[in-house]
Amino acid sequence: MTKEKKEEKFLTVVGVRFKTAGKIYYFNPADWKLAVGDAVIVETARGQEYGFVVLANRKVSSREVVQPLKDVIRKATPKDQEKYAENKEKEKEAFQICLEKIAKHKLPMKLVEVSYAFDASKIIFYFYAESRVDFRDLVKDLAAIFRTRIELRQIGVRDEAKLMGGLSSCGRILCCHSVLGDFQPVSIRMAKKQNLSLNPSKISGICGRLMCCLKFESYDDDEKGHKDEDWEDIDLDEISEEEIKKISEE
């Protein structure tokens with residue numbers, strides 16, 4: 001006699017993004033009926049944040065939800081919208097100040113973006129660097145100026161392209177900046193299976209990695225058992241001509 005299958009539980013959620021083409025996070029809408037495009041104030045691990053609804057009220061399986069499910073506190077009020085706009089202006093000012101301090105300390109790093117927490121309790125500075133950077137003195141300077149928590153977060157070249165945006169070789173805005181919430185594994189074998197040139201200059205994005213759009217026309221693993229993840233996020237400058245020739249002949 002088999003056990004009865006446990007009934008699947010569904011939860012009502014809304015999907016919220018905090019950045020353009022950023023990751024979608026689920027929140028409990030409570031009694032709010034929200035539409036796509038609505039600005040909302042939500043409770044997050046780092047406090048209250050201002051985001052935009054990209055998925056209206058819907059039911060999803062509890063297995064798709066990261067618990068505990070945080071709440072939508074309210075729809076953004078005119079005062080919230082004003083504060084959000086002020087934070088955006090402060091981010092521009094903080095960016096310039098940080099650039100000056102980086103130059104002062106002669107640090108080998110490239111500042112990419114500055115993000116204020118909605119309540120200004122923390123400022124995150126995103127930067128790219130080829131190696132580890134000792135930025136302790138920089139943090140001290142920034143903390144003395146802004147009088148709030150300072151976090152410097154090192155990111156990779158793909159994240160840099162996603163944050164900054166730009167135009168791809170096809171003439172369209174970068175997929176990672178406009179439509180992709182998360183990076184997907186991309187393989188050089190995907191280009192081979194699509195009969196594309198394996199010339200690195202033809203299949204690499206502005207970040208120097210394989211173009212994300214190679215994933216759009218790829219649906220399965222390599223016939224010989226090679227998984228796409230085998231060549232995920234590779235630097236095309238590090239692939240020798242012999243390796244490319246080997247893949248071409250497989």
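**Exercise 1. Find which residues L142 touches, leaving out those up to four places away in sequence.**

Solution. Take contact as heavy atoms within 4.5 Å. With that cut-off, L142 touches C98, K101, F125, R147, I150 and L152. Before going on, note that this is a predicted model, in which local features need pLDDT of at least 70 and side-chain atom pairs count only at pLDDT 80 or more, while totals for chains, interfaces and linings use all residues. Residues are numbered from 1 along each chain as its sequence is written, and side-chain values use heavy atoms, with hydrogens and water left out.

**Exercise 2. Place L142 in the largest nonpolar core and say which elements build that core.**

Solution. Start with the terms. Buried means under 20% relative accessible area, exposed over 50%, and partly exposed in between (1.4 Å probe, protein chains only). A nonpolar core is a set of buried Ala, Val, Leu, Ile, Met, Phe, Trp, Tyr and Cys residues joined through side-chain atoms within 4.5 Å. Helices (H or I, at least four residues) and strands (E, at least two) are DSSP runs, numbered from the N terminus.

Next, look at the core: the largest one has 19 residues, and L142 is among those with the most contacts inside it, along with M109, F125, F146 and L152. Two or more residues come from each of α1 (78-105), β6, β7, α2 (136-146) and β8. The top contributor is α1, which gives four residues.

**Exercise 3. Check the length of α1 and describe its surroundings.**

Solution. The expected span is 1.5 Å times one less than the number of residues. For the 28 residues of α1 this gives 40 Å, and the end C-alpha atoms are 41 Å apart, which agrees. Its buried residues include A94, I97, C98 and I102. The buried residues of α1 pack against β3 (39-44), β4 (47-61), β5 (72-75), β6, β7 and α2. Just after the helix, K106 has a positive phi of about 55°.

**Exercise 4. Set out the salt bridges K92 to E89 and K110 to E160.**

Solution. A salt bridge needs a side-chain nitrogen of Lys or Arg within 4 Å of a carboxyl oxygen of Asp or Glu. The count comes to 10.

- K92 and E89 have their closest N and O atoms 3.6 Å apart. Both lie in α1, three residues apart. K92 is exposed at 54%, and E89 is partly exposed at 49%.
- K110 and E160 come to 2.6 Å. This pair links distant parts of the chain, strand β6 and helix α3, 50 residues apart. K110 is partly exposed at 40%, whereas E160 is buried at 11%.
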